[in-house]
Amino acid sequence: MATNGSTTQSNAGPCVIPPRETHHATVIFVHGLGQNANIWVSTLQRVVERLPSVKWILPQAPTIPVTATNHANSGRPSWFEITELPPCNCYDEAGIASSMATIENLLSCEVRSGTEPGRIILAGFSQGAALSLMTSLTTLHELGGVASLSGWIPQSSRQAMLQLEPSLPVFWAHGKADTEVPFSYAEDGTAFLRDGLHIPESKIVLKAYEGLEHDVNDEEMDDFAAWLSHFLA
């Protein structure tokens with residue numbers, strides 16, 4: 001995934017894809033386990049092109065030890081520790097709290113700069129999707145929505161969501177052939193949104209992609225772009 005010449009990134013800060021027209025909305029897109037934020041720039045390009053008034057912020061995870069199979073290393077970019085894949089009920093409370101604070105800080109900065117919370121959408125892939133879901137479903141900001149690409153909602157994070165009873169649009173896209181985060185996690189997550197949080201069915205979009213493994217494809221990106229356009233156009 002190549003970077004775009006108009007994209008900016010500091011050593012400590014996120015990748016930023018500025019809007020080509022007057023800024024009307026912001027998407028914060030959170031990368032997955034072991035990734036660098038800037039690899040998503042080219043993949044998201046077909047979405048970015050359809051939303052010229054949207055600013056994209058792609059934060060970068062810290063480098064920490066990860067013990068999950070196929071990702072074990074002395075240090076990889078990761079938002080929180082994962083001990084195995086598919087994700088188990090193990091819960092890195094400290095790591096998750098720190099990463100949620102990072103995303104909350106980005107949200108607050110956007111709001112302070114003049115962007116209405118309802119014009120901000122959180123989105124992410126895999127571990128980044130899990131972090132986006134946990135943050136958007138517990139934040140006090142009334143966001144415009146959240147998008148999960150191949151993500152999940154950790155069981156241990158759900159009680160805080162039940163206390164707040166959030167209600168916001170959700171886009172959930174998932175490959176049917178995913179073995180790292182199986183499609184059953186999407187079914188479980190959307191069922192929790194519907195039955196546990198009582199988010200109306202009309203606000204939840206679940207898209208399944210036959211043959212797609214733990215990855216994204218053009219069809220998914222087009223569906224993601226269409227969903228974003230509905231709320232941010």
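## A serine in helix α6

The side chain of Ser229 reaches over to the backbone oxygen of Ala225, with 2.8 Å between them. Keep in mind as you look around that this is a predicted model. Ser229 sits in helix α6, which covers residues 218-232.

Is Ser229 buried or exposed? Its relative accessibility is 18%, and the cut-off for buried is under 20%, so Ser229 counts as buried. If you set aside the neighbours within four places in sequence, Ser229 is in contact with Arg50 and Leu51.

## Helix α2 and its two sides

Now find helix α2, residues 93-112. With 20 residues at 1.5 Å each, this helix should span 28 Å, and its end C-alpha atoms are indeed 28 Å apart, so the two values agree.

Which residues of α2 are buried? They are Gly95, Ile96, Ser99, Met100, Ile103, Leu106, Leu107 and Glu110. Look down the axis of α2 and you'll see these buried residues fall within an arc of 125 degrees, which means they line one face of the helix. On the face turned away from that buried side, you'll find the exposed residues Glu93, Ala94 and Arg112.

So what covers the buried residues of α2? The cover includes β3 (25-30), β4 (54-58), β7 (120-125) and α3 (127-136). Just after α2 comes Gly114, which takes a positive phi of about 115 degrees.

## Two nonpolar cores

Here's a handy background point: in soluble globular proteins, nonpolar side chains tend to be buried together. In this model, the largest nonpolar core has 38 residues, and the members touching the most others are Ile28, Phe80, Leu137, Ile153 and Leu193. At least two residues of this core come from each of β3, α2, β7, α3, β9 (170-175) and α5 (183-196). Helix α2 gives the largest share, five residues.

Zoom in on Ile28. Not counting residues up to four places away in sequence, Ile28 touches Ile57, Pro59, Leu106, Leu107, Ile120, Ile121, Leu122 and Ala123. Two of those names, Leu106 and Leu107, also appear among the buried residues of α2. There's a second, separate core too: it has 31 residues, including Ile17, Ala147, Trp227 and Leu232.

## Aromatic rings in pairs

To describe a pair of aromatic rings, you give the distance of the centres and the angle of the planes. How many aromatic pairs turn up in the whole structure? A search finds seven. One of them joins Phe29 and Trp40: their centres are 4.9 Å apart and there are 50 degrees between the planes, so the pair is called tilted, a label for angles that are neither under 30 nor over 60 degrees. This pair links distant parts of the chain, with Phe29 in strand β3 and Trp40 in helix α1 (residues 40-48), eleven residues apart. Phe29 has a relative accessible area of 1%, so it is buried, and Trp40 counts as buried at 2%.

Phe80 and Trp152 make an edge-to-face pair, 6.5 Å centre to centre with 75 degrees between the planes. They are 72 residues apart: Phe80 lies in the loop between β6 (73-77) and α2, while Trp152 lies in the loop between β8 (145-149) and α4 (158-164). Phe80 is buried, with a relative accessible area of 4%, and Trp152 counts as buried at 5%. Finally, look for the cluster in which ring pairs link Trp56, Phe171, Phe224, Trp227 and Phe231.

Key: Residues are numbered from 1 along each chain as its sequence is written. This is a predicted model: local features need pLDDT of at least 70, side-chain atom pairs count only at pLDDT 80 or more; totals for chains, interfaces and linings use all residues. Side-chain values use heavy atoms; hydrogens and water are left out. Helices (H or I, at least four residues) and strands (E, at least two) are DSSP runs, numbered from the N terminus. The expected span of a helix is 1.5 Å times one less than its number of residues. Buried means under 20% relative accessible area, exposed over 50%, partly exposed in between (1.4 Å probe, protein chains only). The arc is that of the directions from the helix axis to the C-beta atoms. Contact means heavy atoms within 4.5 Å. A nonpolar core is a set of buried Ala, Val, Leu, Ile, Met, Phe, Trp, Tyr and Cys residues joined through side-chain atoms within 4.5 Å. A polar contact is a pair of N or O atoms within 3.5 Å; within protein, one must be able to donate a hydrogen and the other to accept it, and residues adjacent in sequence count only if both atoms are side-chain atoms. Rings of Phe, Tyr and Trp (its six-membered ring) pair if their centres lie within 6.5 Å; planes under 30 degrees apart count as stacked, over 60 as edge-to-face and the rest as tilted.
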